[in-house]
Amino acid sequence: MQLHISPSLRHVTVLPGKGVREYIKVKVASRRVSYRMLFYSLLFFTFLLRFVFVLSTVGSIDGDHSKCSTIGCLGRRIGPRILGRRIESNVPEVIYQILDEPVSKDEVQGKTDIPQTLEEFMAEMKESRSDAKTFALRLREMVVLLEQRTRTAKIQEYLYRHVASSSIPKQLHCLALKLANEHSNNAAARLQLPSVELVPALVDNSYFHFVLASDNVLAASVVAKSLVKNALRPENFVLHIITDRKTYSTMQAWFSLHPLAPAIIEVKALHQFDWLSKGKVPVLEAMEKDQRVRSQFRGGSSAIVANNTEKPQVIAAKLQALSPKYNSLMNHIRIHLSELFPNLNKVVFLDDDIVIQTDLSPLWDIDMNGKVNGAVETCRGDDTFVMSKRFKSYLNFSHPLIAKNFDPNECAWAYGMNIFDLEAWRKTNISLTYYHWLEENLKSDLSLWQLGTLPPGLIAFHGHVHVIDPFWHMLGLGYQDNTTLADAETAGVIHFNGRAKPWLDIAFPQLRPLWAKYIDFSDKFIKDCHIRAS
């Protein structure tokens, strides 16, 4: 077929291949307009040719020497399906087929010739000059073997950490025995705390009241000493130490022999509170049920570790759920602060794994805006590991009861250093809500959440939390060692939440001095029990 354009640009003649002439008359507005259209057409095709040239040049620079036409290369550059081209991989398809096959746990069982390192693998491939299929098979065997070993090592690490964090170090056991002996033999170790003339201060709201619940004498001593030593007006500080029956004598002995005047220290066992001696106590009933369900549901650490299908992180979470602290009365008692201290208007509750590094009296100047719980949020911060916690981090949103009532992306907050407005608390049903959801969790075989008192706390205090400045509570010093010493020193309160408690051998050595500096290592009891700074 031929195309003929007349000199006047008014007729176009098409000559088909079979010799029949066909005329197509084209009407054009004017000769001037036709030249302009011709100019724009030439300009467009010039730009298109330059574009193709640039793409072809880039292909040459990239070292792509595969054979393809200019239009083909253009199609490959623009997209996988433009101009009928698709992006092709240089990896043989057989490798994908081998690596995509389901992995059997017995695939490498009994094999002794599997390469142990990448260096061994490359040496074998170079020596044997294997084809792609053999390459993929050997690579697969090596990766499966290394995955199995890594999983086993991770689970062993989690098990050892669980044992280390759940056990009582012999040094702390020694300290408790020596203080108990001192309590029975030395009248100076059995002083009334506080003395009779200071008892009225225990219910005086002009003082700054702090509450510490602990059965760990050494940990409690560090919290108390760091609180008082950093106070600008320690004479206005009252520290209420709550402990259990078995630890009461040792706690009383320590603070009788190591007074922190002019601060006022009260040591009181739970059985000495009138409220706990009247009728049924929800916290005790909940603990009994919780322990019974956990023992049946979990099957113990041996059963957890023997599970070959679950991921190491899931096994770690289940081991952590077995930790005694999650079923400790000291951990649950904070939900009853308004009843334990009926005459106080405001208290600051402290965990025993914190260290205070500044004066805490400004906490009483914070306007809570009618809220009950002043806490630091844990969904914002530079440390994305620690400060990335939302409700979905603690609650099971696959359960309809949780999904119906809460927002998974709502920001979580932390226990450890909390301001509690007890007056506002008494106007709410927070404690009843707490135990209602504990009961729901037990009914569902712990499927609403798996561990700790924070999940039911998030629910009970929902809508009653006032967010305070992160300066007052730095978290995560017991989870990972990413926090530097310099950063930790800038916080008002640091929290060793996590397994690596500072009194354990698994503590992070660069962070432990922040806690250890509040221990007098020349003290007779500390020396006799071989408690050292590192």
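**A walk through the structure from His-466**

Apart from neighbours within four places in sequence, His-466 is in contact (heavy atoms within 4.5 Å) with Ile-366, Asp-367, Met-368, Asn-369, Lys-371, Asn-373, Gly-374 and Ala-375. The model is a predicted one, in which local features need pLDDT of at least 70 and side-chain atom pairs count only at pLDDT 80 or more, while totals for chains, interfaces and linings use all residues. Residues are numbered from 1 along each chain as its sequence is written, and side-chain values use heavy atoms, with hydrogens and water left out.

His-466 belongs to strand E11 (residues 465-467); helices (H or I, at least four residues) and strands (E, at least two) are DSSP runs, numbered from the N terminus. Its relative accessibility is 17%, and therefore His-466 counts as buried. Buried means under 20% relative accessible area, exposed over 50%, and partly exposed in between, with a 1.4 Å probe and protein chains only. The side chain of His-466 also reaches the backbone oxygen of Asp-367, at 3.3 Å.

Gly-374, one of the residues in contact with His-466, leads to another strand. Gly-374 stands opposite Ile-419 in E10. Strand E9 (residues 373-375) pairs with E10 in the antiparallel sense over two bridges; two strands pair if DSSP finds at least two bridges between them. E10 also pairs with strand E7 (residues 346-350), again in the antiparallel sense, over five bridges. In that pairing, Lys-346 has Asp-421 of E10 as its bridge partner.

Strand E10 (residues 417-421) is largely enclosed by the rest of the structure, because five of its five residues are buried. In a regular strand the side chains alternate between the two faces of the sheet. Both faces of E10 are covered: Met-417, Ile-419 and Asp-421 are buried on one side, and Asn-418 and Phe-420 on the other.

The surface offers another view. Phe-44, which lies in helix H1 (residues 31-61), forms a nonpolar surface patch with Phe-45 and Leu-48, and together they have about 310 Å² of accessible area. Accessible areas come from the Shrake-Rupley method with a 1.4 Å probe; for residues, only the protein chains shown count as cover. Patches are made of residues with over 30% relative accessible area and no salt bridge, with like charges joined within 9 Å and nonpolar side chains (Val, Leu, Ile, Met, Phe, Trp, Tyr) within 5 Å. A salt bridge is a side-chain nitrogen of Lys or Arg within 4 Å of a carboxyl oxygen of Asp or Glu.

For the whole protein, there are 21 helices and twelve strands, and 44% of the 534 residues count as buried.

Methods. A polar contact is a pair of N or O atoms within 3.5 Å; within protein, one must be able to donate a hydrogen and the other to accept it, and residues adjacent in sequence count only if both atoms are side-chain atoms.
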